[in-house]
Every structure is written in structure tokens, then in C-alpha cells.
Amino acid sequence: AAAGRSYPNLDVILDIDLPLSVRFGETEMTLDALTRIGPGSVIDLGRSPDDPVDILVNGRLVARGEVVVVAGNYGVRVHEVVSAADRLRSMAS
């Protein structure tokens with residue numbers, strides 16, 4: 001896009017809220033195992049604590065990063081943004 005070019009239609013959608021979530025891992029378990037989960041249960045998410053977390057927007061992977069603590073709150077430092085081609089491919093699936 002040329003510098004200084006205006007996209008008035010883009011301004012219409014820039015204020016739309018989208019859900020952003022951070023995925024630490026995932027697993028599958030039987031319904032029986034799920035019913036036995038309680039306080040103190042540990043669920044193996046199949047990844048190392050050092051592995052990057054997935055950052056999803058509207059359920060689609062857009063980036064990867066690491067969990068950080070900022071002023072006593074959790075945050076995510078982005079290390080990699082998924083390429084536009086990969087994002088488009090994930091939308092087709």
C-alpha cells in the first residue's frame with residue numbers, strides 16, 4: 001500500500017471487538033476422567049512450561065509468545081506473528 005493512502009472502509013471495522021485468548025496447551029480426556037476433576041487435580045497439557053503459548057483471535061492462531069508478569073498481572077510477550085498466508089490457510093480449515 002502506498003504511503004498516505006486512505007482506506008475509509010477499514011476505519012469502519014477497526015473498532016470491532018474480537019475475543020483474544022491465550023492457549024497454554026490442550027488435551028483430550030474421557031468424560032469419566034473429566035467428572036473426577038476437582039480442586040487440586042493436575043491436568044497434563046502435553047507441553048513444556050518453556051514452550052511458547054498460542055495467541056488466538058476469534059479462535060484463530062495469530063501469534064506465539066511467552067507468559068510474563070507485569071505489575072503483578074499476567075501478560076504475553078509476542079515473539080512470533082503467524083504469516084498472513086498461514087492465517088488465511090487456517091481460515092479455510
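Helices (H or I, at least four residues) and strands (E, at least two) are taken here as DSSP runs, numbered from the N terminus. The model is a predicted one, so local features are held to a pLDDT of at least 70 and side-chain atom pairs to 80 or more, while totals for chains, interfaces and linings use all residues. Residue numbers start from 1 along each chain as its sequence is written, and side-chain values rest on heavy atoms, with hydrogens and water left out.

First, the overall layout. The protein chain has three helices and four strands, which run α-β-α-β-β-β-α from the N terminus on. Confidence is given as pLDDT, the predictor's own score for each residue, from 0 to 100. Its mean over the protein chain is 86, with 88% of the residues reaching 70 or more. Among the elements, helix α2 (residues 31-35) comes out highest with a mean of 95, and α3 lowest with 73. As a rule of reading, predicted coordinates should not be taken in detail where pLDDT is low.

Burial is judged by relative accessible area: under 20% is buried, over 50% is exposed, and anything in between is partly exposed (1.4 Å probe, protein chains only). By that count, 11% of the 93 residues of the protein chain are buried. Contacts, meaning heavy atoms within 4.5 Å, give another view of the chain. Of those with a separation of 6 or more, 30% join residues 24 or more positions apart.

Next come the strands, which pair if DSSP finds at least two bridges between them. β2 and β3 run antiparallel over five bridges, and β3 and β4 do so over eight. Asp54 belongs to strand β2 (residues 53-57) and faces Arg64 in β3. With a relative accessibility of 10%, Asp54 counts as buried. Beyond its neighbours within four places in sequence, Asp54 is in contact with Ser21, Val22, Arg23, Arg47, Leu61, Ala63 and Arg64. Ala63, for its part, stands opposite Val81 in β4.

The two hairpins each hold a residue worth a look for its backbone. Most residues other than glycine have a negative phi. Asn58, in the loop between β2 and β3 (60-70), is not a glycine yet has a positive phi of about 55°. The hairpin of β2 and β3 has two residues between the strands. Asn58 is exposed, at 51% relative accessible area. In the loop between β3 and β4 (73-81) sits Ala71, again not a glycine and with a positive phi of about 50°. The hairpin of β3 and β4 has two residues between the strands, and Ala71 counts as exposed at 77% relative accessibility.

Past β4, Val82 lies in the loop that leads to α3 (84-92). Val82 is buried, at 9% relative accessibility. Leaving out residues up to four places away in sequence, Val82 touches Leu61, Val62, Ala63, Arg64 and Arg87. The C-alpha atoms of Val82 and Ile55 are 9.7 Å apart, with these positions 27 residues apart along the chain.

Finally, the open space. Rolling a probe the size of a water molecule over the atoms shows where empty space is left. On a 1 Å grid over the protein atoms alone, a pocket is an open set of points where a 1.4 Å probe fits, with protein on both sides within 12 Å along at least five of seven lines; lining residues have an atom within 4 Å of a point. Grid points are joined across faces, edges and corners, and the volume is the space filled by probe spheres set on them. The largest pocket has a volume of about 210 Å³. It is lined by 13 residues, and those closest to its centre are Ser48, Pro49, Asp50, Asp51 and Val53. β3 gives the most to this lining, with three residues. By class, the lining holds six nonpolar, three polar and four charged residues, where Ala, Val, Leu, Ile, Met, Phe, Trp, Tyr, Cys and Pro count as nonpolar, Asp, Glu, Lys and Arg as charged, and the others, Gly among them, as polar.
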